[in-house]
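Here is my notebook from a first look around. Follow along with the structure open beside you.

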Amino acid sequence: MLLLTLFAVLAGAGTAVSPCVLPVLPALLSAGATGGRRRPLGIVCGLTVTFTVTIVGLAQVVDGVGLGDGLLRTLAIVALLGFGLVVLVPALGDRVEAPLSRLARFGPTGREGDGLRSGLLIGGALGFVYAPCAGPILAAVIAVGAATGETVVIGLAYAAGSAAVLLLLALGGRRVVDRVRRAGRGPAVQRAVGAVMVLTAVAMLADLDVRFQTSIADHLPAAVVNPTRALERSGAVADRLEDLQGAPRFDSQAAAREAAPAVAAATTGPTGPAPDPDTAALPGVRTPPLPVLGPAPEFRDTQRWFNTPDGRALSLRQLRRERKVVLIDFWTYTCINCIRTLPHLRAWDAKYRRLGLEIVGVHTPEFAFEKDAGNVADAIRRSRLRYPVVQDNDFGTWNAWGNQFWPAKYLIDADGQVRYTHFGEGEYRETEAAIRALLAEAGDRDLGAGVRTTGGDAPSQRTTPETYLGSQRAQGWAQPPTDGTRAYRYRGALPQSGFALDGRWRVDGERAAAVADGVLRARVVARDVYLVLSPPRTRAGLVTVELDGRPIRARDAGDDVRGGRVRVPSQRLYHLVHLDRPGEHELTLRFRDGTAGYAFTFG
């Protein structure tokens with residue numbers, strides 16, 4: 001625990017000297033340069049408290065109602081703009097200060113006092129601005145904290161590391177402005193403070209802060225931009241995270257292999273009774289006794305529920321009282337492997353719900369935008385899902401089950417015991433046979449024939465591996481994408497399953513967004529090509545698709561391509577290419593500025 005706490009402190013300090021601090025730095029320096037001598041301390045303390053509460057507390061509330069991470073940035077802009085106007089316009093400041101006079105006199109003033117209370121107010125507002133800037137580093141810290149049960153301690157350690165560096169920055173800026181104040185220009189400094197806050201809010205609204213910080217990151221050494229990068233990506237940290245994750249908690253295939261000698265000797269006992277072949281079996285499918293893997297964990301740390309009466313949460317305890325057989329499906333809506341299983345889930349729901357089967361989809365997001373409840377609702381509607389689905393934005397249920405895969409299916413018998421698992425695509429007949437076996441075991445003796453499904457084509461056996469456009473998991477790139485905004489140029493021949501960027505791109509851990517003349521080239525082996533895409537903030541995105549050096553033909557185009565182009569109005573998986581048979585092809589994608597890509601999958 002001590003090592004994790006130290007890591008959190010160093011990560012917080014690293015964030016405070018990285019480009020991430022740029023949105024909050026002007027307001028911090030301006031506000032800390034006026035008022036009493038303790039105002040910088042008050043600002044940093046207020047910022048630290050708000051920042052910690054926001055990350056450890058408010059972020060949970062935001063996820064609880066299923067809102068995306070962008071809400072925190074919006075709140076930051078509103079708070080910064082409001083405080084800036086109050087300071088910039090004295091008349092407006094007087095009106096705001098009147099009802100708050102019992103708390104503190106807000107805004108830079110020349111009155112007596114040490115400025116601690118007013119600093120706390122301003123710092124509290126800046127905490128909302130700083131929270132979204134912490135980004136991926138803090139996400140990892142909090143994830144580790146959640147796994148160890150010490151989330152608050154880890155969050156406070158991270159905030160303390162940031163606070164120490166921010167206080168030094170505020171005190172340094174104050175010394176400079178003190179000289180200006182002694183020259184008799186206090187009112188001008190006050191107006192400058194307000195103007196800086198307002199301009200910073202406007203810049204954030206136009207994403208200028210992001211462009212500025214990535215531009216700086218492009219031209220500074222990595223040791224300055226991210227001094228804790230080596231620590232974050234060290235083998236020791238990676239090993240610790242792997243230890244916390246552990247092995248899959250439930251695996252029926254592994255359990256069946258271990259229990260094979262016992263099963264051969266008996267058909268009852270800990271492996272469960274054998275199903276009645278006349279009522280449960282499917283033609284051509286052998287259904288061995290299903291092992292008892294242990295009690296099913298309850299849904300944990302979930303957010304919004306869909307397809308339940310009044311959005312009411314379900315519980316496995318209640319389903320057990322109702323003697324339901326339950327199928328838990330871990331999925332996410334941009335995962336093509338998950339999408340291809342949905343026709344089978346729909347068919348099983350339609351066939352077996354009235355016979356006692358309850359399917360529950362647990363939507364655990366891979367990307368930040370998949371946490372948005374509106375995006376999930378749209379995906380449920382597009383996929384025509386009728387069974388209950390719950391958001392698992394914080395991986396609470398995922399971790400409780402020890403799950404490691406998208407998609408993953410877990411079957412629970414009527415007594416609440418996990419009896420069958422399957423990870424990935426395929427084995428649909430075997431999974432249906434297990435469903436029927438548990439329904440028969442629960443007492444239903446009239447299951448009828450099995451289901452027939454359409455769609456959900458299996459992937460090709462020989463395809464290019466999945467890859468990502470973000471820096472964290474990019475594989476197969478001639479020039480690996482790196483964090484920041486920079487120009488890419490690669491004119492060599494690509495190897496099989498190779499990728500390259502051309503033009504100017506802005507890259508972070510999850511995605512690559514085209515800045516100017518963005519082109520993505522790839523040599524892929526596939527029948528189908530899919531790409532997770534996201535539009536710019538203010539308009540739909542656009543991607544032009546070329547195959548083997550020519551505009552893609554209608555017969556080769558995926559479902560989302562019209563006239564050789566993909567319109568990108570929302571954040572989801574897009575189908576770019578669909579060929580008659582698998583083969584090796586040159587793929588060229590031309591991105592409209594601001595359009596972003598996340599991950600390729602192939603079928």
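I began with the surface: the protein exposes about 27600 Å², and carbon and sulfur atoms supply 56% of that area (Shrake-Rupley method, 1.4 Å probe). I should say early that this is a predicted model, where local features need pLDDT of at least 70, side-chain atom pairs count only at pLDDT 80 or more, and totals for chains, interfaces and linings use all residues. Residues are numbered from 1 along each chain as its sequence is written, and side-chain values use heavy atoms, leaving out hydrogens and water.

Next I looked up burial: 51% of the 603 residues are buried (under 20% relative accessible area).

I then turned to secondary structure and found 18 helices and 17 strands (DSSP runs, H or I of at least four residues for helices, E of at least two for strands).

I stopped at helix H15, residues 336-352. Is H15 enclosed or open to the outside? I found 13 of its 17 residues buried, so H15 is largely enclosed by the rest of the structure. I also noted a kink of about 35 degrees at Leu-342, shortly before Pro-343 (the angle between axes fitted to the seven residues ending there and the seven starting there).

My last stop was an open sheet of 7 strands with mixed pairing, in the order E1-E7-E6-E3-E4-E5-E2 (strands pair if DSSP finds at least two bridges between them). Its edge strands are E1 (294-295) and E2 (305-306), each pairing on one side only. Inside the sheet I followed E3 (residues 325-331), which pairs with E6 (residues 408-412) in the antiparallel sense over 5 bridges. There, Leu-327 of E3 stands opposite Leu-411 in E6.

Conventions. Buried means under 20% relative accessible area, exposed over 50%, partly exposed in between (1.4 Å probe, protein chains only).
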